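Me: I want to go through the pocket and the ligand, term by term. Please set each value against its cut-off.

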Amino acid sequence: MQTIRIERTACPKEKPGKENPLTFGTIFTDHMFEVDYEEGKGWYDPRVVPYHKLELEPSSMVFHYGQEMFEGLKAYKTEEGKILLFRPDKNIERANRSNDRLCIPEIPEELFLEALKTVVSVDQDWIPTKPGTSLYIRPFVIATDPFLGVRPSHTYKFMIILSPVGAYYASGLDPVKIWIEDDYVRAVKGGIGEAKTGGNYVASLAAQVKAHEEGYSQVLWLDGVHRKYIEEVGAMNIFFKINGVVITPELNGSILPGVTRDSVLSLCRDWGIKVEERKISVDEIVAAARSGEMEECFGTGTAAVVSPVGELRLEDERMSIGGGKIGELTQRCYDTITGIQLGRLTGPEGWSVEVK
Ligand SMILES: *Cc1c(COP(=O)(O)O)cnc(C)c1O
């Protein structure tokens with residue numbers, strides 16, 4: 001593997017003060033990782049360099065055709081001062097599945113992992129340690145050919161930036177209110193819903209704005225063909241607990257395969273809880289919420305880990321779930337996953353990867 005060159009900053013930035021609670025995604029560390037790609041040459045000159053502005057041609061293809069992939073994972077500092085990544089192999093695998101769908105060249109797994117470890121290690125003093133905080137890691141690739149015309153780019157830049165973060169929702173683990181969206185859709189099977197890419201997010205904005213205007217924090221997405229089956233909630237996967245059974249939509253080609261989703265499924269199975277990955281219709285959810293059989297509902301994703309849902313709104317009907325409190329299973333998933341991430345609990349083999 002190529003060695004990663006390190007160029008340290010001559011003027012380190014001031015780190016966020018201990019007094020102010022950290023927000024999400026507003027502060028960036030002193031360094032970043034960068035590697036370039038050229039057809040015929042492959043990925044070349046991997047380096048950790050001071051965090052800097054980019055200079056790109058306005059004609060760079062990413063600006064016009066959205067050829068872009070991103071990932072999201074976190075690093076934690078344990079009480080003993082070890083630095084842990086949570087299941088980075090899963091993000092690397094998914095990044096390359098997204099790349100494949102988006103006609104972006106594959107990133108060698110070994111280089112990807114080494115890049116994560118190196119940049120996190122260089123900026124390890126930026127990893128916050130207060131409860132609920134972590135270092136969010138954002139790897140992403142952009143198409144850089146200066147060209148107007150639709151085809152895959154011949155050149156790319158892969159970068160990793162880091163951001164010390166607090167709770168994703170300022171309200172912490174408070175249950176959120178969800179708007180069931182039956183007009184706009186996020187993705188359709190055959191499209192790019194399975195890939196982690198900006199295009200899926202811009203597709204979601206109009207519905208999010210509409211939900212916010214109505215006083216709801218996230219959108220519950222239905223499938224693009226029938227507007228009938230549950231897909232995801234905002235930018236998270238969704239779980240329901242109905243009559244003791246944990247149910248989540250099956251990966252159907254338009255749902256993003258979350259690492260947190262996979263972790264929750266695997267923990268529930270270990271705990272002997274009955275788990276189903278299947279189609280779930282909005283009618284089934286509404287009936288279970290109305291009858292009170294819906295015990296819990298929560299979203300899962302790296303940013304928030306789990307996010308309890310306290311209310312569902314469909315057209316004019318408001319359905320309350322769990323009496324506005326966080327459910328027992330939701331809390332157990334949160335405590336266990338964050339416990340493993342912080343090195344307080346031992347997770348399944350390979351879930352914690354140490355940065356030396
Ligand atoms: C990233 C993402 C998720 C959550 O995936 P994690 O790997 O658990 O962070 C869910 N849905 C969408 C649309 C996403 O982009």
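**Pocket and ligand**

Reply: The model is predicted. Its largest pocket holds about 890 Å³ of space. 40 residues line this pocket, and the closest to its centre are Arg 138, Tyr 168, Lys 196, Tyr 201 and Ala 235. Elements giving two or more residues to the lining include strand E7 (134-143), helix H4 (198-213) and helix H5 (259-270). H4 provides the largest share, 6 residues.

Me: What makes a residue part of the lining of the largest pocket?

Reply: An atom of the residue must lie within 4 Å of a pocket grid point. The residues that line the largest pocket divide into 19 nonpolar, 16 polar and 5 charged.

Me: Where is the ligand?

Reply: The ligand takes the space of the largest pocket. The criterion is that more than half of a molecule's atoms lie within 2 Å of the grid points.

Me: Why is the pair between Tyr 201 and the ligand called a polar contact?

Reply: A polar side-chain atom of Tyr 201 is 2.5 Å from a ligand oxygen. The limit for N or O pairs is 3.5 Å, so this pair counts.

Me: Which ligand atom pairs with Glu 232, and which with Ala 235?

Reply: A nitrogen in each case. For Glu 232, the partner is a side-chain N or O atom at 2.5 Å. For Ala 235, a polar backbone atom lies at 3.3 Å. Both distances are within 3.5 Å, so both are polar contacts.

Me: How much of the ligand's accessible area does the protein cover?

Reply: 96% of the 380 Å² that the ligand has on its own. The shell of 14 residues has 5 nonpolar, 5 polar and 4 charged.

Methods. Residues are numbered from 1 along each chain as its sequence is written. This is a predicted model: local features need pLDDT of at least 70, side-chain atom pairs count only at pLDDT 80 or more; totals for chains, interfaces and linings use all residues. Side-chain values use heavy atoms; hydrogens and water are left out. A residue is near a molecule or strand if one of its heavy atoms lies within 4 Å of it. A polar contact is a pair of N or O atoms within 3.5 Å; within protein, one must be able to donate a hydrogen and the other to accept it, and residues adjacent in sequence count only if both atoms are side-chain atoms. Accessible areas come from the Shrake-Rupley method with a 1.4 Å probe; for residues, only the protein chains shown count as cover. On a 1 Å grid over the protein atoms alone, a cavity is a set of points where a 1.4 Å probe fits but cannot get out, and a pocket is an open set with protein on both sides within 12 Å along at least five of seven lines; lining residues have an atom within 4 Å of a point. Ala, Val, Leu, Ile, Met, Phe, Trp, Tyr, Cys and Pro count as nonpolar, Asp, Glu, Lys and Arg as charged, and the others, Gly among them, as polar. Grid points are joined across faces, edges and corners, and a volume is the space filled by probe spheres set on the points. Helices (H or I, at least four residues) and strands (E, at least two) are DSSP runs, numbered from the N terminus.
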